[in-house]
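The following paragraphs lead the reader through one protein structure, from its overall plan to individual residues. Please keep the sequence and the 3D view at hand while reading.

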Amino acid sequence: NEISTLLKAPPTEAWVKGDKWYSAGGVRLRRTGAWHVHAKDTEPENLDSQVAELLRRTTSDLSVWKALSNKYRVDIFCGWFLGSSNEGVEISPATMAALGSRGVVLSLDIYGPDVDAP
């Protein structure tokens, strides 16, 4: 609730430390809390617009972002699934500056194409 209030946005998904988590291995307890907001999928990919969308949906008050990034790990996590072995993505200088001024890390997990697929 604190983060939602500060960012002026509801999470897509959130939990607090100690919440129960049901996995294939049974019931587990969350080791940390988390506050997530998801961007809309885009095809073809448009990472820049997705990041900009997330930033538009939250506060632009840099003092709030500074306080959050001083207290918590703040990152935008992106899973990027390649259709072929040589693809690229661009992030505009404006989007990079917006992330930097907020103290937000951009994390990318990049998955290559399935070469064994028929």
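The protein contains 4 helices and 6 strands. It should be kept in mind throughout that the model is predicted. When the chain is followed along its sequence, these elements appear in the pattern α-β-β-β-β-α-α-β-α-β. The C-alpha trace extends over about 45 × 45 × 20 Å along its principal axes.

The contacts show how the chain is folded onto itself. Among the contacts in the protein with a separation of 6 or more, 61% are made by residues 24 or more positions apart. The protein has 118 residues, and 25% of them count as buried. Its accessible surface amounts to about 8,500 Å², and carbon and sulfur atoms contribute 54% of this area.

Charge is another property to consider. The protein carries 13 positive and 15 negative charges, and the mean positions of these two groups lie 14 Å apart. Some of the charged side chains meet in pairs: the structure holds 3 salt bridges.

Which residue forms a salt bridge with E2? The partner is K71, and the closest N and O atoms of the two residues are 3.7 Å apart. E2 belongs to helix α1 (residues 2-7) and K71 to helix α3 (residues 62-71), so this salt bridge ties together parts that are 69 residues apart in sequence. The two partners can also be described by their accessibility. E2 has a relative accessible area of 42% and is therefore partly exposed, whereas K71, at 55%, counts as exposed. The cut-off that places K71 in this class is a relative accessible area over 50%.

A second salt bridge joins the side chains of R57 and E53, with an N to O distance of 2.7 Å. Are these two residues buried or exposed, or do they fall in between? R57 is partly exposed, because its relative accessibility is 35%. E53 has a relative accessible area of 11% and is therefore buried; the limit for this class is under 20%.

In the remaining pair to be described, the side chains of D75 and R73 form a salt bridge at 3.3 Å, N to O. D75 is partly exposed, with a relative accessible area of 31%, while R73 is exposed, with a value of 61%.

The surface also has a nonpolar feature. F77, F81 and Y111 form a nonpolar patch there, and together they offer about 360 Å² of accessible area. One of these residues, Y111, lies in strand β6, which covers residues 105-111. Since its relative accessibility is 35%, Y111 counts as partly exposed.

Finally, attention may turn to Q50, a residue of helix α2 (residues 47-56). Why does Q50 count as buried? Its relative accessibility is 18%, and a residue is buried when this value is under 20%. Which residues does Q50 touch, if those up to four places away in sequence are not counted? They are A39, K40, D41 and T42. A further distance helps to place Q50 in the fold: its C-alpha atom is separated by 9.6 Å from that of C78, although the two residues are 28 residues apart along the chain.

Definitions and conventions: Residues numbered from 1 in each chain as written. Predicted model: local features only at pLDDT ≥ 70, side-chain atom pairs only at ≥ 80, totals over all residues. Heavy atoms only, no water. Helix = DSSP H or I, 4+ residues; strand = E, 2+ residues; numbered from the N terminus. Buried < 20%, exposed > 50% of the residue type's maximum accessible area, 1.4 Å probe, protein only. Contact = heavy atoms within 4.5 Å. Areas by Shrake-Rupley, 256 points an atom, 1.4 Å probe, with all protein chains shown as cover. Lys, Arg positive; Asp, Glu negative; His and termini not counted. Charge placed at Lys NZ, Arg CZ, Asp CG, Glu CD. Patch = residues over 30% accessible without salt bridge, like charges linked within 9 Å, V, L, I, M, F, W, Y side chains within 5 Å. Salt bridge = Lys/Arg side-chain N within 4 Å of Asp/Glu carboxyl O.
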